[in-house]
Amino acid sequence: MFKKIILAFKFSPSCRTALEKSIQISTMNDAELLIFHALDYRLKWVDQTDSELLKVNRQMEHRFKTEIKPLINDFPKFRFVSSPCDPALEICRVARQIQADLILLGCHDEPEKPRLSRLDYVGITILEKAPCPVMLVPS
């Protein structure tokens with residue numbers, strides 16, 4: 001049913017729960033998984049060869065390899081991408097570009113807060129603009 005899945009990823013507990021679910025769904029469907037992390041939007045206008053941007057990219061790759069890659073285990077069909085951008089708009093753009101079948105978002109499950117607070121501005125924007133179904137994964 002799902003062949004291309006995108007996980008909107010921040011290095012947060014709710015996103016780690018969503019990572020587990022995205023791997024489970026990807027494995028069940030033999031789907032490709034794109035794990036997308038948005039870097040600081042202010043770096044969007046920096047030249048791609050700028051030393052600051054290259055340093056941030058290296059740090060993000062290292063963080064992914066040390067903190068997240070071990071959680072993925074042997075799942076082979078994934079890519080990790082990070083870029084400086086507006087996270088919501090870029091996830092929706094990439095979803096259209098690759099014809100994604102599903103976007104997964106981690107959301108906070110905090111009973112003391114109103115239910116709308118389970119999503120931040122990025123999550124709400126993705127829900128509004130996504131070109132495919134969006135699954136919310138509570139932490």
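This section describes the strand pairing, the salt bridges and two backbone conformations of a predicted model.

Strand β2, which spans residues 32–39, is paired with two other strands. On one side of the account stands strand β1 (residues 4–8), which pairs with β2 in the parallel sense over five bridges. Within this pairing, I5 is placed opposite L33 of β2. The connection between the two strands passes through helix α1 (residues 13–29), and the resulting β-α-β crossover from β1 to β2 is right-handed. The other pairing involves strand β3 (residues 78–84), which runs parallel to β2 and is joined to β2 by seven bridges. Here L39 stands opposite P84 of β3. From β2 the chain reaches β3 by way of helix α2 (residues 51–72), and this β-α-β crossover is likewise right-handed. Of the eight residues in β2, seven are buried, and the strand is therefore largely enclosed by the rest of the structure.

Four salt bridges are present in the structure. In general, side chains of opposite charge can pair when their charged atoms come close. One of the four salt bridges is formed by the side chains of R16 and E67, with an N to O distance of 2.8 Å. Because R16 belongs to helix α1 and E67 to helix α2, this pair ties together parts that are 51 residues apart in sequence. Both partners fall into the intermediate accessibility class: R16 is partly exposed at a relative accessible area of 25%, and E67 is partly exposed at 30%.

A further salt bridge connects the side chains of K77 and D30, at 3.2 Å from N to O. This pair also links distant parts of the chain, since K77 is located in the loop between α2 and β3 and D30 in the loop between α1 and β2, 47 residues apart. The relative accessible area of K77 is 32%, so this residue is classed as partly exposed.

The side chains of R93 and E90 meet in another salt bridge, with an N to O distance of 2.6 Å. In this case both residues lie in helix α3 (residues 87–98), where a separation of three residues corresponds to about one turn of the helix. The two partners differ in accessibility class: R93 is partly exposed, with a relative accessibility of 39%, whereas E90 has a relative accessible area of 16% and is therefore buried, the cut-off being under 20%. Elsewhere, salt bridges that share partners join R16, R63 and E67 into one network.

Two residues merit separate mention for their backbone conformation. D30, the salt-bridge partner of K77, has a positive phi of about 50° although D30 is not a glycine. This residue is situated in the loop between α1 and β2. A positive phi is also found for Q99, with a value near 55°, and Q99 is again a residue other than glycine. Q99 is positioned in the loop between α3 and β4 (102–107). Its relative accessibility is 61%, so Q99 counts as exposed.

Note on methods
Residues are numbered from 1 along each chain as its sequence is written. This is a predicted model: local features need pLDDT of at least 70, side-chain atom pairs count only at pLDDT 80 or more; totals for chains, interfaces and linings use all residues. Side-chain values use heavy atoms; hydrogens and water are left out. Buried means under 20% relative accessible area, exposed over 50%, partly exposed in between (1.4 Å probe, protein chains only). Helices (H or I, at least four residues) and strands (E, at least two) are DSSP runs, numbered from the N terminus. Two strands pair if DSSP finds at least two bridges between them. A crossover is right-handed if, with the strands pointing away from the viewer, the path from the first strand over the helix to the second runs clockwise.
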